[in-house]
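I opened a fresh page for this structure. My plan was to look up its empty spaces, a few helices and strands, and some single residues.

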Amino acid sequence: MSTSHIVIVGGGFAGLYTALELEKRLKREREVTVTLLNNENFFLFTPMLPEAGAGSIGTRHIVSPLRKLLRRTRFAEVEVAGIDFDAQVVSARHSLTGAWREFHYDHLVLTLGGVTNYFGIPGAADFALSFKTLGDAIYVRNHTINMLEEAAVEPERAAELLTFAVVGGGLTGVEVVGQINDFVREAADYYPEIDRRQIRVLLVEAGPRLMAEMNEKLAAFAERVLVKRGVEVRTNTAVVSVDQDGFALSTGERIPTRTIIWGAGVMPNPLIAGFDLPKERGRIRVNEYLEVEGRPNVWALGDCAYILNPKTGQPHPPTAQHAVREGKRAARNIAAVFGRARRQPFDYDTMGQMAIVGERTGVADLMGLRFSGYFAWFLWRTYYLMRIPQLEKRLRVVLDWTLDLFFKRDLVQLAVSRERQLVAKATPAPPTPPRVK
């Protein structure tokens with residue numbers, strides 16, 4: 001009997017949980033191999049990224065090594081550059097200077113995720129700080145501390161250096177601005193040279209209100225909390241351009257600042273645009289079984305997939321809770337090919353949404369029940385703590401939270417850089433891989 005190869009491209013929520021479910025379903029299938037390809041060797045628990053970026057928890061505590069999580073799945077840290085769907089080959093290599101490698105597959109699962117969407121706004125991609133990866137969170141934290149240090153020695157530029165803006169008032173933007181605001185105002189206690197009145201934190205949202213994904217009353221509560229804690233909230237206001245020294249608004253106002261954090265949206269991985277696959281709104285279109293239309297051995301999940309909810313007529317939202325369920329269902333449908341599960345369509349209704357709005361305050365809309373304040377914050381922490389894959393990491397996060405009750409956050413700048421992003425900008429595009437179709 002020949003070996004069947006299942007290849008998963010992407011190690012986020014959808015990719016990881018596809019692999020974990022396949023390990024469980026196909027543990028007795030000796031003639032089946034599962035390989036996961038990802039450009040980093042860890043799984044990032046993104047719901048806690050804002051807390052890690054603001055120093056509430058250690059950055060290493062929200063990442064889990066993929067080689068530890070996966071028992072039977074093979075793993076390769078590579079950057080995928082192309083896929084030949086006719087020959088059933090994925091082309092990838094470990095680095096820009098590495099040799100090309102080909103991964104042959106019988107079943108392919110695409111979980112390529114998304115990238116920051118700058119909506120074509122001039123200067124945004126060059127000068128705004130993205131907040132999507134672990135490297136982004138570390139960089140934003142270092143940058144924020146650097147602005148405080150610089151303001152302490154250059155008081156004549158304090159107004160510009162002490163202005164921190166977050167663009168995008170969705171769940172991510174609200175959580176990031178709440179954490180940054182708490183961090184900056186707490187850290188200012190250690191900078192006697194800084195006039196606290198010059199600290200300015202802004203949240204800019206183009207829509208009529210914050211958190212369009214959530215109940216309107218909860219969104220209004222979150223806005224009141226942010227304003228009370230010193231955040232300037234601008235709704236119905238769009239950013240029209242960004243440069244090194246600030247940004248311009250649709251109102252005609254210009255905000256001078258060196259810190260613009262971009263949380264305005266996500267778009268599918270650009271690699272998808274080159275695939276000869278059916279697409280909808282830039283994402284790969286799949287059927288109810290999560291198979292790509294016209295490619296019965298190719299599956300697409302997560303941020304890169306357009307998965308229609310037949311009940312609402314709208315696509316399922318690209319959230320972690322959906323990606324986990326999509327991964328498990330896709331794995332079961334693949335296992336059905338080997339007689340190890342029953343093929344079923346994807347059917348999942350959102351449990352709800354939760355967000356933290358800074359220190360010990362949150363909002364939660366769960367299965368029709370709505371909470372705000374301390375209890376919602378406690379629910380958020382409890383729920384997401386139990387979703388961290390490793391017990392070891394859960395314990396480390398709990399310890400971080402406990403110490404945070406008694407001690408103020410650290411102000412040490414970590415000696416790291418955005419190496420991947422800097423290299424990508426400075427290096428010419430790599431040559432075309434052997435197979436790209």
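These are my entries, in the order I made them.

**Entry 1: the model**

I noted first that this is a predicted model. Every value below is computed on that model.

**Entry 2: cavities**

I began with enclosed space. Rolling a probe the size of a water molecule over the atoms shows where empty space is left. How many cavities of 30 Å³ or more does the whole structure have? I found three.

I took the largest cavity next. About 80 Å³ of space lies in it. I listed its lining: Glu51, Ser56, Gln179, Ile356, Gly358, Glu359, Arg360, Trp377, Arg381, Asp404 and Leu405. Two helices, α10 (374-385) and α11 (391-406), each give at least two residues to this lining. I sorted the lining by class and got five charged, three polar and three nonpolar residues.

Then I turned to the second largest cavity. Its space comes to about 50 Å³. Among the residues that line it are Arg283, Asp303, His316, Thr319, His322, Ala323 and Glu326. Two prolines, Pro317 and Pro318, also belong to the lining. By class I wrote down five nonpolar, four polar and three charged residues. Which helix gives the most to this lining? I found α9 (residues 320-337), with three residues.

**Entry 3: helix α9**

That sent me to α9. I checked its length against the rule of 1.5 Å a residue. Its 18 residues should span 26 Å, and the end C-alpha atoms are 26 Å apart, which agrees.

I then looked at which of its residues are buried. The list includes Gln321, His322, Ala323, Val324, Glu326, Gly327 and Arg329. Further along α9, Ala330, Ala331, Asn333, Ile334 and Ala335 are buried too. His322, Ala323 and Glu326 had already appeared in my notes, in the lining of the second largest cavity.

What covers these buried residues? I noted β1 (4-9), α1 (13-25), β9 (107-110), β23 (295-300) and β27 (352-356) as part of the cover. Just after α9, I saw that Gly339 takes a positive phi of about 75 degrees.

**Entry 4: strand β1**

β1 was part of that cover, so I followed it up. Five of the six residues of β1 are buried, and I logged the strand as mostly covered. Are β1 and β2 (residues 32-38) paired in the parallel or the antiparallel sense? The pairing is parallel, over six bridges. I picked out one facing pair: Ile6 stands opposite Val34 in β2.

**Entry 5: the second largest pocket**

I moved from cavities to a pocket. The second largest pocket holds about 340 Å³ of space. It has 16 lining residues, and those closest to its centre are Gly55, Ile57, Gly58, Arg141 and Asp410. I came across α11 again here, as the source of the largest share of the lining, three residues. My tally by class was six nonpolar, four polar and six charged residues.

**Entry 6: helix α7**

I looked up α7 (residues 171-187) as well. Its 17 residues reach 24 Å from first C-alpha to last, close to the 24 Å expected at 1.5 Å a residue. Is α7 largely enclosed or largely open? It is largely enclosed by the rest of the structure, because 15 of its 17 residues are buried.

**Entry 7: positive phi**

Most residues other than glycine have a negative phi, and most peptide bonds are trans. I wrote down two residues with a positive value. Phe119 has a phi of about 55 degrees. I placed Phe119 in the loop between β10 (114-116) and α4 (124-127). Met211 has a phi near 45 degrees. Met211 sits in the loop between β13 (200-204) and α8 (216-228). Met211 counts as buried, because its relative accessibility is 0%.

**Entry 8: Lys132 and Gly114**

I closed with two residues in contact. Lys132 lies in the loop between β11 (129-130) and α5 (134-153). Lys132 is partly exposed, at 27% relative accessible area. Beyond its neighbours in sequence, its contacts include Leu44, Thr46, Leu49, Gly114 and Asp303.

Gly114 lies in strand β10. Is Gly114 buried or exposed? It is buried, with a relative accessible area of 16%. Gly114 is in contact with Lys132, Val266 and Asp303, among others. Gly114 and Gly12 are 102 residues apart in sequence, and 10 Å apart in space from C-alpha to C-alpha.

Conventions:
Residues numbered from 1 in each chain as written. Predicted model: local features only at pLDDT ≥ 70, side-chain atom pairs only at ≥ 80, totals over all residues. Heavy atoms only, no water. 1 Å grid on protein atoms, 1.4 Å probe; cavity = no way out; pocket = protein on both sides within 12 Å on 5 of 7 lines; lining within 4 Å. Points joined across faces, edges and corners; volume = space filled by probe spheres on them. Helix = DSSP H or I, 4+ residues; strand = E, 2+ residues; numbered from the N terminus. Nonpolar A, V, L, I, M, F, W, Y, C, P; charged D, E, K, R; others polar. Expected span 1.5 Å × (residues − 1). Buried < 20%, exposed > 50% of the residue type's maximum accessible area, 1.4 Å probe, protein only. Contact = heavy atoms within 4.5 Å. Pairing = 2+ DSSP bridges. Lists of a residue's contacts leave out its neighbours within four places in sequence.
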